[in-house]
Amino acid sequence: GIETPEPEALRFMRKKQNLVRPICESVQKLNAHGMEVVAGIILGLDTDTPDTVDHVLSFIEASQIPMLTINLLYALPKTPLYRRLLEAKRLTEALGRVSNVDFNMPYETVIGMWRRCIGEAYDPPRLLERFAYQTEMTFPRRILPRRKPAHSDVAFGMNVLARVLWTSGCRAGHRRAFWRLAAPLLRAGRIEELIHIGVVSYHLIRFTREALAGEGEACFYADPSRAGHEAV
């Protein structure tokens with residue numbers, strides 16, 4: 001629920017709890033207790049400007065959060081946002097749009113901002129560098145359950161590891177960046193972390209490529225009936 005790093009936008013949406021302390025400071029405190037942060041980011045807010053995407057990307061780099069859900073604003077029925085936009089006649093069901101919001105900025109401008117944001121956020125080297133930060137600052141501080149794994153658990157884990165190494169370490173175009181991160185983890189026996197990073201990063205990179213090719217959904221909580229329309 002980070003939503004945006006822009007203070008004016010947080011005040012406008014009355015999410016003042018995000019302004020109590022610097023967001024990056026809060027993220028670092030959570031990381032220091034072994035908790036990895038997954039951030040929700042929204043583009044297309046009324047307060048957005050052409051500079052918003054730069055602010056979001058700077059925040060991603062500063063916070064070192066690997067996984068973010070970067071969405072376009074979408075008004076869900078029976079919410080204050082939906083009612084406000086309905087009264088302002090800013091809801092649209094036009095075909096070919098992934099969002100039902102008539103943004104303050106031109107639709108294509110907002111889509112371009114979203115494309116640039118996910119393209120840079122999930123550029124493989126950048127993404128894996130943020131995961132590398134997590135391996136140093138977050139994962140070692142996790143409280144893990146103390147139990148001896150069953151033979152079936154070990155066999156399953158080794159099978160998944162082999163698939164990760166084959167998919168991301170041999171076949172993927174980002175394999176060099178992957179091995180820079182994976183090799184030290186493999187040597188240290190940090191298998192669970194390696195599997196987690198391999199699976200999640202592969203999904204995020206693949207999703208981004210599909211989205212930039214016009215096949216991805218720019219709003220994960222949009223009305224499913226819109227799925228038949230071209231998203232972006």
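In the classification used for pocket linings, Ala, Val, Leu, Ile, Met, Phe, Trp, Tyr, Cys and Pro count as nonpolar, Asp, Glu, Lys and Arg as charged, and the others, Gly among them, as polar. On this basis, the lining of the largest pocket in the structure, which is a predicted model, divides into eight nonpolar residues, one polar residue and three charged residues. The space within this largest pocket amounts to about 410 Å³. Its lining is made up of Pro145, Arg147, Pro149, Asp153, Val154, Phe156, Gly157, Met158, Val160, Ile191, Glu192 and Ile195, and the elements that give two or more residues to that lining are helix H7 (151-171) and H9. Of the contributions to the lining of the largest pocket, that of H7 is the greatest, at six residues.

The second largest pocket has a volume of about 340 Å³. Among the 13 residues that line this pocket, Phe12, Met13, Leu45, Leu81 and Arg84 are the closest to its centre. At least two lining residues each are supplied by helix H1 (7-12) and helix H4 (80-87), and the largest share, three residues, comes from H4. By residue class, the lining of the second largest pocket comprises eight nonpolar, one polar and four charged residues.

Helix H6, which spans residues 124-137, consists of 14 residues and reaches 20 Å from its first C-alpha to its last, close to the 20 Å expected at 1.5 Å a residue. Within H6, the buried residues are Pro124, Leu127, Leu128, Arg130, Phe131, Gln134 and Thr135. Because these residues cover an arc of only 155° around the axis, they are placed on the same side of H6. An α-helix has 3.6 residues a turn, so residues three or four places apart point the same way. On the face of H6 turned away from the buried side are the exposed residues Glu129 and Glu136. The packing partners of the buried residues of H6 include several helices and one strand, namely helix H2 (23-32), helix H3 (52-63), strand E2 (68-72), helix H5 (107-121), helix H8 (175-187) and helix H9 (191-212).

Helix H2, one of the elements against which the buried residues of H6 pack, contains Cys24. When its neighbours within four places in sequence are left aside, Cys24 is in contact with Phe59, Ala62 and Ser63. The C-alpha atom of Cys24 is separated by 9.3 Å from that of Ile60, a residue that is 36 residues apart from Cys24 along the chain.

Positive phi values in residues other than glycine were examined at two positions, Glu3 and Lys78. For Glu3, which lies in the segment before H1, phi is near 70°. For Lys78, placed in the loop between E2 and H4, phi is near 65°. With respect to solvent accessibility, Glu3 has a relative accessible area of 15% and is therefore buried, the cut-off for this class being under 20%. Lys78, by contrast, has a relative accessible area of 79% and is therefore exposed, a class that begins over 50%.

Terms used. Residues numbered from 1 in each chain as written. Predicted model: local features only at pLDDT ≥ 70, side-chain atom pairs only at ≥ 80, totals over all residues. Heavy atoms only, no water. Helix = DSSP H or I, 4+ residues; strand = E, 2+ residues; numbered from the N terminus. Expected span 1.5 Å × (residues − 1). Buried < 20%, exposed > 50% of the residue type's maximum accessible area, 1.4 Å probe, protein only. Arc of directions from axis to C-beta. Contact = heavy atoms within 4.5 Å. 1 Å grid on protein atoms, 1.4 Å probe; cavity = no way out; pocket = protein on both sides within 12 Å on 5 of 7 lines; lining within 4 Å. Points joined across faces, edges and corners; volume = space filled by probe spheres on them.
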